[in-house]
Amino acid sequence: SFGEKKSKVERIFELMDGFLKNDPTSLQNDILHHVEYTVARSRFSFDDFEAYQALAHSVRDRLIERWHDTQMHFKRKDPKRIYFLSLEFLMGRSLSNSVINLGIRDQFADALSQLGFELEVLAEQEGDAALGNGGLARLSACQMDSLATLDYPAVGYDYANQYGLFRQVILDGFQHEHLDFWLNFGNPWEIERVHVTYPVKFYGTVTDELLNEENGKVWVPKRTVEAVAYDNPIPGYGTRNTINLRLWAAKPSDQHNMESYNTGDYINAVVERQRAENISSILYPDDRSYQGKELRLKQQYFFVSASVQDIIRRFKDAHSTFDDFPEKVALHLNDTHPSLAIAEVMRVLVDEEHLGWNRAWNIICNVFTFTTHTVSPEGLEKIPVDLLGSLLPRHLQIIYDINFKFVEELKKRIGLDYNRLARMSIVEEGAVKSIQMANLSILCSHTVNGVSRVHSKLLTTKLFKDFYELWPEKFQYKTNGVTQRRWIVVSNPSLCALISKWLGTEDWIRDIDHLIGLREHAANGELHQEWKMVKKVNKIRLAEYIEAMSGLKVSLDAMFDVQTKRIHEYKRQLLNILGIIHRYDCIKNMDKNDRIKVVPRVCIIGGKAAPGYETAKKIIKLCHAVAEKINNDSDIGDLLKLVFIPDYNVSVAELVIPGADISQHLSTAGHEASGTGSMKFLMNGCLLLATVDGSTVEIIEEIGEDNMFLFGAKVHEVSALREKGPALKVPLQFSRVVRMVRDGYFGFKDYFKSLCDNIEGGQDYYLLGADFTSYLEAQAAADKAYVDQERWTEMSILSTAGSGRFSSDRTVEEYAQKTWGIQPCRCPF
Ligand code: GPU
């Protein structure tokens with residue numbers, strides 16, 4: 001009847017007049033609703049895992065509201081966006097992080113307790129999202145958290161791994177790799193976007209016919225797979241902004257290989273199409289080493305191509321000319337892994353948008369930025385030309401063309417210095433002709449970043465010296481950082497509360513500069529008491545975990561000494577183990593009176609070895625063999641224990657780091673680009689025992705040498721030491737502990753032989769022998785400091801207080817201003 005017909009919008013408002021509510025009853029209703037209708041269990045009977053799922057879906061609903069608002073806001077404001085391309089994101093768990101960032105942790109905890117559940121217990125049900133290997137991958141995750149929190153209009157892109165990083169299982173002290181079926185039980189944190197898909201093409205030929213110089217060429221690909229978007233909302237803290245991490249999953253495409261359908265071979269056609277999914281099934285588990293595998297290249301191109309199509313589609317929705325592209329788009333290459341994006345954008349602009357080479361090139365040079373995470377030339381990706389030419393023939397041509405013009409230009413600038421031209425060329429001639437992806441990335445990016453000051457120095461004086469001399473203005477560095485939301489607020493709630501109490505504010509969670517305020521209380525006896533209590537709580541948590549895992553009981557009075565990170569020769573876990581053997585040997589030879597003075601230690605080591613990295617695997621075995629001996633020696637008791645924590649990942653780190661008294665960062669100087677683990681320990685009031693390498697150099701400036709235990713050769717001393725070869729003097733103590741391993745004191749004599757050979761007789765590339773004495777001295781200094789608990793506690797407080805500079809908020813702020821040229825775009829509440 002008249003006047004009663006409502007508009008669609010009115011009707012919608014009538015039905016949904018606002019956002020989901022966060023009072024206890026609403027939250028409980030939502031959780032039960034998801035138990036019944038999403039998880040499909042009876043609300044009268046569901047277990048912890050099902051409760052977690054229902055809870056996660058209730059949180060997801062709230063994330064989606066903010067995510068929608070943020071995307072709408074960005075769309076309306078159309079700011080310049082940062083597109084963060086990374087082959088690895090180590091997100092870990094999402095539940096606790098999400099409820100904290102949404103500001104509804106306590107509400108959920110209360111609501112759950114009335115239903116008979118504990119938030120912390122349910123949070124343990126979640127598996128880790130391990131779409132990455134180590135530091136590089138976790139850095140991407142920390143930076144996403146900071147980008148969201150600081151209201152930057154950012155999108156992260158990667159491919160969606162079906163299996164994350166392998167699960168490390170230890171049997172008889174040996175590492176075994178098991179598949180991580182992390183998606184088998186569903187993933188409430190992702191949103192499948194069946195309508196956001198793009199075809200990604202491979203193989204085929206490029207027709208010779210040149211449309212004309214301006215219009216580009218025609219690539220006739222032979223295979224197509226479909227990229228389907230899976231969106232992962234990343235909530236900021238203290239803001240409504242919730243940004244997107246878009247992951248692409250490979251699905252069979254209709255356009256793929258039509259002939260096999262037509263020949264009637266239906267079953268084979270289906271099986272072959274199904275193979276498309278392999279592209280996004282697995283994560284390569286070897287960090288820092290490049291293998292030239294076709295599948296890896298496919299993964300890189302797959303996610304890059306889908307992302308570039310997505311970015312260009314979004315741009316074209318709002319703009320009519322590509323000349324505006326650099327004002328709206330910053331494309332970040334997180335290491336060289338996504339650097340095919342350069343050739344892909346060029347291909348789209350030239351071949352599909354017909355902009356002409358020069359116009360396209362100008363655009364390229366103004367949108368790309370690049371960060372490199374390595375210090376070693378061997379770590380740089382080189383893609384064999386044959387491989388690239390067969391998989392992506394047009395991209396290879398484009399790279400050749402870019403290189404041709406570059407080398408011509410270079411000859412004009414530097415003359416015919418053929419050695420230098422060869423070093424700088426994107427195409428490397430040699431036994432295997434290949435594309436030097438770092439050179440391509442440097443050439444095409446307007447900014448090239450290192451990840452610490454020392455790293456940057458090594459880049460400009462060694463690795464990329466030639467490029468630096470040509471374009472000094474391109475080179476910058478942004479010292480890495482980690483997010484205090486994950487590494488204090490989520491992982492160490494007691495410390496979080498204590499910090500807020502003493503600072504009188506929670507502002508440090510959003511603005512880390514406040515943390516420095518702890519310094520003025522560093523000598524306060526009352527704070528000392530509370531600080532020690534917090535450490536104790538975290539040590540108890542860790543000790544319980546160790547006992548549950550290995551049956552080993554450890555003493556809470558002992559110093560918890562932790563080294564957790566990927567196993568690498570340069571990170572020198574072996575130095576740590578040899579130091580432990582030395583300690584054991586000393587204690588064994590002490591009389592009663594001296595033993596009383598020994599500071600008891602629980603040495604904790606954890607980390608994964610790349611499956612094909614034999615030496616790293618031997619180091620893991622050695623750790624177990626030594627632990628077996630020490631832990632079963634009743635003569636030693638609580639004076640020394642050694643524990644290997646298996647399957648170290650983000651959630652294990654959240655447990656281990658807050659419980660550590662001291663942590664070790666032992667890389668041979670000049671080998672760790674930055675190191676970010678140390679920053680997490682630092683935030684948690686853990687003292688550092690470290691070489692003067694990577695970001696430690698800057699940490700020293702904040703914390704002061706007196707509050708850390710430093711040792712070892714400095715960056716500039718390393719090469720001279722190496723040159724000495726067999727003439728290099730090593731201390732007797734070193735030879736003695738190596739001999740114990742060689743002689744089979746810990747068993748497995750033959751198996752460990754190569755480990756010993758690697759570090760003796762002039763073979764000791766990572767200088768374990770050369771650094772051994774000063775390492776032991778630093779350890780002795782740590783023991784001495786631990787005896788004076790008040791002094792130790794003060795050092796611990798000063799560590800946390802000085803950790804502010806190592807927040808990823810600072811890093812991201814620097815990137816935004818100096819590299820990406822982006823502004824915050826805050827969604828109204
Ligand atoms: N890093 Br290259 C990785 O974790 N994986 C890699 O493949 C490469 C570097 C690390 C660096 O080793 C570490 O020093 C740095 O802190 C981290 O990247 C983040 O920049």
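The exercises below, each with a worked solution, concern a predicted model.

**Exercise 1. The faces of helix 5**

Find which residues of helix 5 (residues 105-114) are buried, and work out which are exposed on the other side of the helix.

Solution. Begin with the buried residues of helix 5, which are F108, A111 and L112. Next, look down the axis of helix 5: these buried residues fall within an arc of 100 degrees, so they line one face of the helix. Then turn to the other side of helix 5, where D106, S113 and Q114 are exposed. As for what covers the buried residues of helix 5, the cover includes helix 2 (24-37), helix 4 (95-101) and helix 6 (119-123). Finally, follow the chain beyond the helix, and you will see that helix 5 is followed by G116, whose phi is positive, near 90 degrees.

**Exercise 2. Helix 2 against helix 5**

Describe how helix 2 and helix 5 cross, and state which residues make the contact.

Solution. Two packed helices are described by the angle between their axes and by the distance between those axes. The axes of helix 2 and helix 5 cross at roughly 65 degrees and come within 9 Å. Because angles of 65 to 115 degrees count as roughly perpendicular, helix 2 is described as roughly perpendicular to helix 5. The crossing in which helix 2 passes helix 5 is right-handed. On the side of helix 2 the contact is made by P24, L27 and Q28, and on the side of helix 5 by Q107, F108, D110, A111 and Q114. Sorted by class, the contact of helix 2 with helix 5 has four nonpolar residues, three polar and one charged.

**Exercise 3. Helix 10 against helix 12**

Carry out the same kind of description for helix 10 (residues 294-318) and helix 12 (residues 340-352), giving the angle at which they pack and how far apart their axes are.

Solution. Helix 10 and helix 12 pack at an angle of about 45 degrees, and their axes are 9 Å apart. That angle makes helix 10 oblique to helix 12. As to handedness, helix 10 passes helix 12 in a right-handed crossing. The residues that make the contact are Q300, Y301, V304, S305, V308 and I312 of helix 10, together with L340, A341, E344, V345 and V348 of helix 12. When the residues of the contact of helix 10 with helix 12 are divided by class, eight are nonpolar, two are polar and one is charged.

**Exercise 4. Positive phi outside glycine**

Determine where D78 lies and where D335 is found, and decide for D78 and for D335 whether the residue is buried, partly exposed or exposed.

Solution. Recall that most residues other than glycine have a negative phi. D78 has a positive phi of about 45 degrees although it is not a glycine, and D335 likewise has a positive phi, near 65 degrees. D78 lies in the loop between helix 3 (48-77) and strand 1 (81-85), while D335 is found in the loop between strand 12 (329-334) and helix 12. For the last step, a residue is buried if 20 or more other C-beta atoms lie within 10 Å of its own, exposed if 12 or fewer do, and partly exposed in between. D78 has 15 C-beta neighbours inside 10 Å and therefore counts as partly exposed, whereas D335 has 25 other C-beta atoms within 10 Å and is therefore buried.

**Exercise 5. Three residues and their contacts**

Locate A250, P384 and H455, and list the contacts of each one, leaving aside its neighbours within four places in sequence.

Solution. Start with A250, which lies in strand 11 (residues 242-252) and is buried, since 25 other C-beta atoms are within 10 Å. Leaving aside its neighbours within four places in sequence, A250 is in contact with V225, A227, A276, E277, I279, S280 and F302. Continue with P384 in strand 14 (residues 382-384), which has 16 other C-beta atoms within 10 Å and is partly exposed. With the same neighbours in sequence left aside, the contacts of P384 are G292, V432 and S434. End with H455, which lies in helix 18 (residues 453-463) and is buried, with 28 other C-beta atoms within 10 Å. Beyond its neighbours within four places in sequence, H455 is in contact with V375, G450, Y477, A673, S674 and G694.

Note on methods:
Residues numbered from 1 in each chain as written. Predicted model: local features only at pLDDT ≥ 70, side-chain atom pairs only at ≥ 80, totals over all residues. Helix = DSSP H or I, 4+ residues; strand = E, 2+ residues; numbered from the N terminus. Arc of directions from axis to C-beta. Contact = placed C-beta atoms within 7 Å. Axes fitted to C-alpha atoms, helices over the stretch in contact; angles between N-to-C directions. Parallel < 35°, antiparallel > 145°, perpendicular 65-115°, else oblique. Left-handed = near helix turned anticlockwise from the far one by under 90°. Nonpolar A, V, L, I, M, F, W, Y, C, P; charged D, E, K, R; others polar.
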